[in-house]
Amino acid sequence: MKIGLVCPYSINKHGGVLEIVLMLRDGMVARGHEVKIITPKPRGHVDEPDKDVIFFGTSTDFRTLSFGETTSQVSSTAENQLIDEILNKERFDILHFHEPWNPLLSRQLLQRSRSVNIATFHAKVSDAITTRSVLKVVNPYLKSVMKYLHVLTAVSPSGAEFVSTMTEQPITIIPNGIDLQKYSNLPQKDDAKPGQTILFIGRLEKRKGTMYLLQAYAELLNSLPDARLLIAGDGPERERLELLAEDLKLPNVDFLGYVEESEKLRLLANADLFCSPALYGESFGIVLLEAMASSTVAIAGNNSGYADLMQGLGQVSVVNPADIPEFARRLRLLLTEPDLRKLWQDWAKDYVHQFDYPAVVDQYEALYTEALKQYGQ
């Protein structure tokens, strides 16, 4: 098969969608398929793209649909003649559109595509007032592209929730993935004497719930005065969170700022508890898979995306971050009960394997093959 992976986000901006696109490219190429990534040209980029990358249009700032605080660089319009020329040259069997509701490249390609068109919806659309106002504008756009799509997928039931209100087409759930090989050489934890280091990794914005983590940590210190909290990441709420930590007179809180991948792996390997108390806007939870792969017990906010992911024994990890007393109790429980921690780690070690990249690529390859049989010319 010849496959075009359409990513609306700039390839210079790291993120979950781009990571999945790169994973799909590598996995499909390893299986003998020809794959190219179609993406907007990053602002300021002057060099020619790699041989497996096609630039269409340019990148522009756009506030994403799943939450109100984050702005990403996404595609703006491209010349229609150029699109026709490229599509006629490449003759893709499959065009796979990731987040097709992000304007504007997806609609231009879909209107001219003679390939089998597949869409994957990654984002969870929140019920926030600001988001609803955006959706009034986006709904007509999304309806205009749905008629060109042959197959719909989503990364979770939460990711499919909004799309399902706009179509009667079936939506196949194929989860996000993780490269388990990256975590195979991390040092093993000795939980005979569990420590008390809590780790947060993520963008510092309101929806991530870090404010509640600081408050729960303050309450935890009443019973675990030697606990430590590491906050890795940056964002618009950092200064406010640092001031809150000062106001609460919290000891042993370190704001680490943005960390590179190698440092993130080191932090995960050494933490006793990973905490991601996101409030909304999460359709999946790759950070939770990363904790599982690191044998690091995790606590997750009770947003629908995390709740979809944390099944079985993982349900013990899900907590309402705004309930500070319960949040603090859950932190203490998962820090101080070795038997429960061992049960969780054993569950996670087995559970996470279904999300390994090869397993996820297998699902997409099967989907592509079936779609080509059904809709191919």
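How many residues apart in helix α7 are Glu 242 and Arg 238? Select the pair in the viewer: the two residues are 4 apart in α7 (residues 238-247), a separation of about one helical turn. The model is predicted.

**Stop 1: a salt bridge within α7**

Keep Glu 242 and Arg 238 on screen and show their side chains. They form a salt bridge, with 3.0 Å between the closest N and O atoms. Glu 242 counts as partly exposed, at 26% relative accessibility. Arg 238 is also partly exposed, its relative accessible area being 21%.

**Stop 2: the chain as a whole**

Zoom out and colour by secondary structure. The chain has 13 helices and 14 strands. Of its 377 residues, 55% are buried. Take the contacts between residues at least 6 apart in sequence: 69% of them join residues at least 24 apart. Across the whole structure, a search finds 23 salt bridges.

**Stop 3: Asp 52 and Arg 25**

Next, select Asp 52 and Arg 25, whose side chains meet in a salt bridge of 3.1 Å, N to O. This pair links distant parts of the chain, 27 residues apart: Asp 52 sits in the loop between β2 (34-41) and β3 (53-63), and Arg 25 belongs to helix α1 (residues 16-30). Are the two residues buried or exposed? Asp 52 has a relative accessible area of 18%, under the 20% cut-off, and so is buried. Arg 25, at 17%, is buried too.

**Stop 4: Glu 282, Lys 208 and their network**

Move to Glu 282 and Lys 208. Their side chains meet in a salt bridge of 2.6 Å, N to O. Here the two partners are 74 residues apart, with Glu 282 in the loop between β12 and α9 and Lys 208 in the loop between β9 (197-201) and α6. Both residues are buried. Now add Arg 203, Glu 205 and Arg 207 to the selection: salt bridges with shared partners join these three with Lys 208 and Glu 282 into one network.

**Stop 5: α6 against α11**

From the loop before α6, go on to the helix itself. Select α6 (residues 210-220) together with α11 (residues 324-336); their axes come within 8 Å and cross at roughly 65 degrees. The two helices are therefore roughly perpendicular to each other. The crossing of α6 past α11 is right-handed. To see the contact, show Tyr 212, Leu 213, Gln 215, Ala 216, Tyr 217, Glu 219 and Leu 220 on α6. On the α11 side, show Ile 324, Pro 325, Phe 327, Ala 328, Leu 331, Arg 332 and Leu 335. By class, this contact has 11 nonpolar, 1 polar and 2 charged residues.

**Stop 6: α9 and its surroundings**

Select helix α9 (residues 286-293). How many of its 8 residues are buried? The helix is mostly covered, with 7 buried. These are Ile 286, Leu 288, Leu 289, Glu 290, Ala 291, Met 292 and Ala 293. To show what they pack against, add α8 (261-270), β12 (273-276), β13 (298-301), α10 (304-309) and α12 (338-351). After α9 comes Ser 295, with a positive phi near 60 degrees.

**Stop 7: α8**

Stay with α8, one of the elements that α9 packs against. Its buried residues are Lys 264, Leu 265, Leu 267, Leu 268 and Ala 269. The elements covering these residues include β9, β10 (228-232), β11, β12 and α9.

**Stop 8: residues in β9 and β11**

Two of the strands that cover α8 are β9 and β11. In β9, pick Thr 197. Thr 197 counts as buried, at 16% relative accessibility. Beyond its neighbours within four places in sequence, Thr 197 is in contact with Arg 228, Leu 230, Ala 271, Asp 272 and Leu 273.

Finish with Leu 256 in strand β11 (residues 253-257). Leu 256 is partly exposed, with 34% relative accessible area. Which residues does Leu 256 touch, not counting residues up to four places away in sequence? They are Leu 230, Ile 231, Ala 232 and Leu 267. Leu 230 is thus a shared stop, in contact with Thr 197 and with Leu 256. For a distance to check in the viewer, take Leu 256 and Asp 234: C-alpha to C-alpha they are 8.4 Å apart in space, and 22 residues apart in sequence.

Note on methods
Residues are numbered from 1 along each chain as its sequence is written. This is a predicted model: local features need pLDDT of at least 70, side-chain atom pairs count only at pLDDT 80 or more; totals for chains, interfaces and linings use all residues. Side-chain values use heavy atoms; hydrogens and water are left out. Axes are lines fitted to C-alpha atoms, for helices over the stretch in contact, and angles run from 0 to 180 degrees between N-to-C directions. Angles under 35 degrees count as roughly parallel, over 145 as roughly antiparallel, 65 to 115 as roughly perpendicular and the rest as oblique. A crossing is left-handed if the near helix is turned anticlockwise from the far one by less than a right angle, and right-handed if clockwise. Contact means heavy atoms within 4.5 Å. Ala, Val, Leu, Ile, Met, Phe, Trp, Tyr, Cys and Pro count as nonpolar, Asp, Glu, Lys and Arg as charged, and the others, Gly among them, as polar. Buried means under 20% relative accessible area, exposed over 50%, partly exposed in between (1.4 Å probe, protein chains only). A salt bridge is a side-chain nitrogen of Lys or Arg within 4 Å of a carboxyl oxygen of Asp or Glu.
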